[in-house]
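Visitor: Please pick a single part of this structure and take me through it closely. I would like its partners, its surroundings and any open space beside it.

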Amino acid sequence: MSDRESGDEQQQPQAQEASDPGGAAEQELATRTLHIQSKRFYLDVKQNRRGRFIKVAEVGAGGKKSRLLLAMSSAAEFRDFLSDFSEHYSRLGEHSPTNSETPPEDGKLKSEIIVKDNRRYYLDLKENQRGRFLRVSEQVSQTIPRGGPRSQIAIPAQGMIEFRDALTELLEEFGTDDQEPQNELPESRSMRVENKMFYFDVGSNRRGVYLRVSEVSVRNNFRTAITIPERSWGRFRDIISEFVDKASTKPEGE
């Protein structure tokens, strides 16, 4: 039987995104999409006036969504823990509902905690009759007395390595610094064309400034994107202008 999360471990009500590490007027700098068993995971690097952070979104087979928000330094710590959990998982025997080695009553096989400012992240490698999975819960303690509700995702244990590798790629590109970027970048823009949304986000990394153009289908939320380095913006503009000029001079009826 494949290792996947139980229906009993579905996501809880989400914490309000108004308390995210990024704040308002955020820009999307990069994204990764993972397909792990029946789930999709989106790892988005975002940026605003307070700095950079990573939003992790899980979409289940029924379309149910759950989100976590991680400061870049917390994402690096999470990445390291994913290696530890993967190693522990690899040493476990094959999962079977009839396995004679009964897991603990709460199903937890290994647990860790990440603390960042007013946020706590609870990492629990768990097991139930349907398999093994890593449950990651985020709790914000500032806005609600005694912690309030947790938002959480569940990563099938077999997908922890793939998840870690995608997170590592983003951290290698954008670093682990939570601080506000030094250079002021243009605000993001967006436009809708029929059943599609287009997002224009200016970001920066160790290689310089770039423009990311994302196309998102309104119907199914499918997303594609291109990245244009700042040094090529002028040439990109000239090509678009050339197409626009030709289209405007085209004889009627063509």
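Guide: Strand 2 and strand 3 pair in the antiparallel sense, with nine bridges between them. The model is a predicted one, and strand 2 is the part followed here. Strand 2 covers residues 39–48, and strand 3 covers residues 51–59. The link between strand 2 and strand 3 is a hairpin of two residues. Within this pairing, Gln47 has Arg52 of strand 3 opposite.

Strand 2 also pairs with strand 1, again in the antiparallel sense and over nine bridges. Two residue pairs can be picked out on that side. Leu34 stands opposite Phe41 of strand 2, and Ala30 has Val45 of strand 2 as its bridge partner. Strand 1 and strand 2 form a hairpin as well, with two residues between them. One residue of that turn, Gln37, has a positive phi of about 55 degrees. As a general point, strands of a sheet are paired through backbone hydrogen bonds, in either a parallel or an antiparallel sense.

The next step is the sheet as a whole. It is an open sheet of four strands in the order 1-2-3-4, and the pairing is antiparallel. Strand 1 (27–36) and strand 4 (65–71) are the edge strands, each pairing on one side only. From one strand to the next, the twist averages 20 degrees.

Two helices lie across strand 2. Helix 1 lies across strand 2, strand 3 and strand 4, and runs at about 105 degrees to strand 4. Helix 1 spans residues 72–90, 19 residues in total, and reaches 27 Å from its first C-alpha to its last, close to the 27 Å expected at 1.5 Å a residue. The buried residues of helix 1 include Met72, Phe78, Phe81, Leu82, Phe85 and Tyr89. Helix 2 (residues 160–174) lies across strand 1, strand 2 and strand 3, and its direction is at about 165 degrees to that of strand 1.

Burial can be put in numbers. Of the 10 residues in strand 2, nine are buried, so the strand is largely enclosed by the rest of the structure. The cut-off for buried is under 20% relative accessible area. In general, side chains in a regular strand alternate between the two faces of the sheet.

That leaves the open space. The largest pocket has a volume of about 510 Å³. It is lined by 23 residues, and the closest to its centre are Glu28, Lys46, Lys55, Asn221 and Arg223. The elements giving two or more residues to the lining are strand 1, strand 2, strand 3, strand 4, strand 9 (189–193), strand 10 (196–205) and strand 11. Strand 2 gives the most, with four residues.

Strand 11, another contributor to that lining, covers residues 208–217 and contains Val209. Val209 counts as partly exposed because its relative accessibility is 22%. Beyond its neighbours within four places in sequence, Val209 touches Leu185, Val202, Gly203, Ser204, Pro229, Glu230 and Trp233. The C-alpha atoms of Val209 and Glu230 are separated by 5.5 Å, although these residues are 21 apart along the chain.

Terms used. Residues are numbered from 1 along each chain as its sequence is written. This is a predicted model: local features need pLDDT of at least 70, side-chain atom pairs count only at pLDDT 80 or more; totals for chains, interfaces and linings use all residues. Side-chain values use heavy atoms; hydrogens and water are left out. The expected span of a helix is 1.5 Å times one less than its number of residues. Buried means under 20% relative accessible area, exposed over 50%, partly exposed in between (1.4 Å probe, protein chains only). Two strands pair if DSSP finds at least two bridges between them. Axes are lines fitted to C-alpha atoms, for helices over the stretch in contact, and angles run from 0 to 180 degrees between N-to-C directions. Contact means heavy atoms within 4.5 Å. On a 1 Å grid over the protein atoms alone, a cavity is a set of points where a 1.4 Å probe fits but cannot get out, and a pocket is an open set with protein on both sides within 12 Å along at least five of seven lines; lining residues have an atom within 4 Å of a point. Grid points are joined across faces, edges and corners, and a volume is the space filled by probe spheres set on the points.
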